[in-house]
Amino acid sequence: KFLEVATCENSFFALERGLKAFVRYVPRDVVKMMLTGSMEVGSVMVRKVVSIMFADIAAFSTLCEEIHSEQLVQLMTQYLQSMCQAIVHTRGTLDKFIGDCIMAVWNAPRSVKDY
């Protein structure tokens with residue numbers, strides 16, 4: 001009986017580690033939708049209108065050459081945090097960072113009214 005409990009415990013901790021790693025690459029609310037079954041996972045394609053945003057810092061390469069690295073880190077931290085908060089607040093999905101660029105999507109994978 002103890003072996004079965006230990007096996008269940010090990011499986012639970014492996015699942016927890018896997019979910020923590022998965023959440024690093026997929027928005028937390030999308031993972032929750034997948035786990036609760038409110039979003040079908042697989043090859044189901046749905047045609048819908050979405051909004052996609054690409055936002056970056058103008059003249060970023062020049063800026064990198066002109067300021068100290070500590071200032072650059074502070075600037076990027078503030079910029080990325082502010083942008084991500086705005087995306088989440090408006091129910092967008094952060095898709096990826098591409099250098100100083102942020103890509104976000106609204107109305108996918110979850111439907112959002114009046115986005």
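Ala 108 lies in the segment that follows strand E3, where helices (H or I, at least four residues) and strands (E, at least two) are DSSP runs numbered from the N terminus. The structure is a predicted model, in which local features need pLDDT of at least 70 and side-chain atom pairs count only at pLDDT 80 or more, whereas totals for chains, interfaces and linings use all residues. Residues are numbered from 1 along each chain as its sequence is written, and side-chain values use heavy atoms, with hydrogens and water left out. With a relative accessible area of 22%, Ala 108 is partly exposed, a class that falls between buried (under 20% relative accessible area) and exposed (over 50%), as computed with a 1.4 Å probe on protein chains only. Leaving aside neighbours within four places in sequence, Ala 108 is in contact (heavy atoms within 4.5 Å) with Lys 48, Val 50 and Thr 93. Of these residues, Lys 48 is 60 residues from Ala 108 in sequence, yet the two C-alpha atoms are 8.3 Å apart in space.

The strand that precedes this segment belongs to an open sheet of three strands in the order E1-E3-E2, with antiparallel pairing; two strands are taken to pair if DSSP finds at least two bridges between them. Strands E1 (51–55) and E2 (93–98) stand at the edges and have a single partner strand each, so one side of each is left without a neighbour in the sheet. Neighbouring strands are turned against each other by 15° on average, direction ignored, the angles running from 0 to 180 degrees between N-to-C directions of axes that are lines fitted to C-alpha atoms, for helices over the stretch in contact.

Five bridges join E1 to E3 (residues 101–106); on this side, Ile 52 has Val 105 as its bridge partner, and Ser 51 stands opposite Trp 106. E2 is likewise joined to E3 by five bridges, with Thr 93 partnered by Val 105 and Lys 96 standing opposite Met 103. The hairpin of E2 and E3 has two residues between the strands, and Gly 99 takes a positive phi near 65° there.

In a regular strand the side chains alternate between the two faces of the sheet. In E3 both faces are covered, with Cys 101, Met 103 and Val 105 buried on one side and Ile 102, Ala 104 and Trp 106 buried on the other. Helix H4 (residues 69–89) lies across E1, E2 and E3, running at about 5° to E3.

The largest nonpolar core has ten residues, including Ala 55, Phe 60, Leu 72, Ile 102 and Trp 106; such a core is a set of buried Ala, Val, Leu, Ile, Met, Phe, Trp, Tyr and Cys residues joined through side-chain atoms within 4.5 Å. H4 and E3 each supply at least two residues of this core, and the largest share, four residues, comes from H4. Apart from it lies another core, of five residues, among them Val 26, Val 30, Val 31 and Met 39.

The largest pocket is lined by 16 residues, of which Val 26, Pro 27, Thr 93, Leu 94 and Asp 95 lie nearest its centre. A pocket is here an open set of points on a 1 Å grid over the protein atoms alone, where a 1.4 Å probe fits, with protein on both sides within 12 Å along at least five of seven lines, and lining residues have an atom within 4 Å of a point. The largest share of this lining, five residues, comes from E2.
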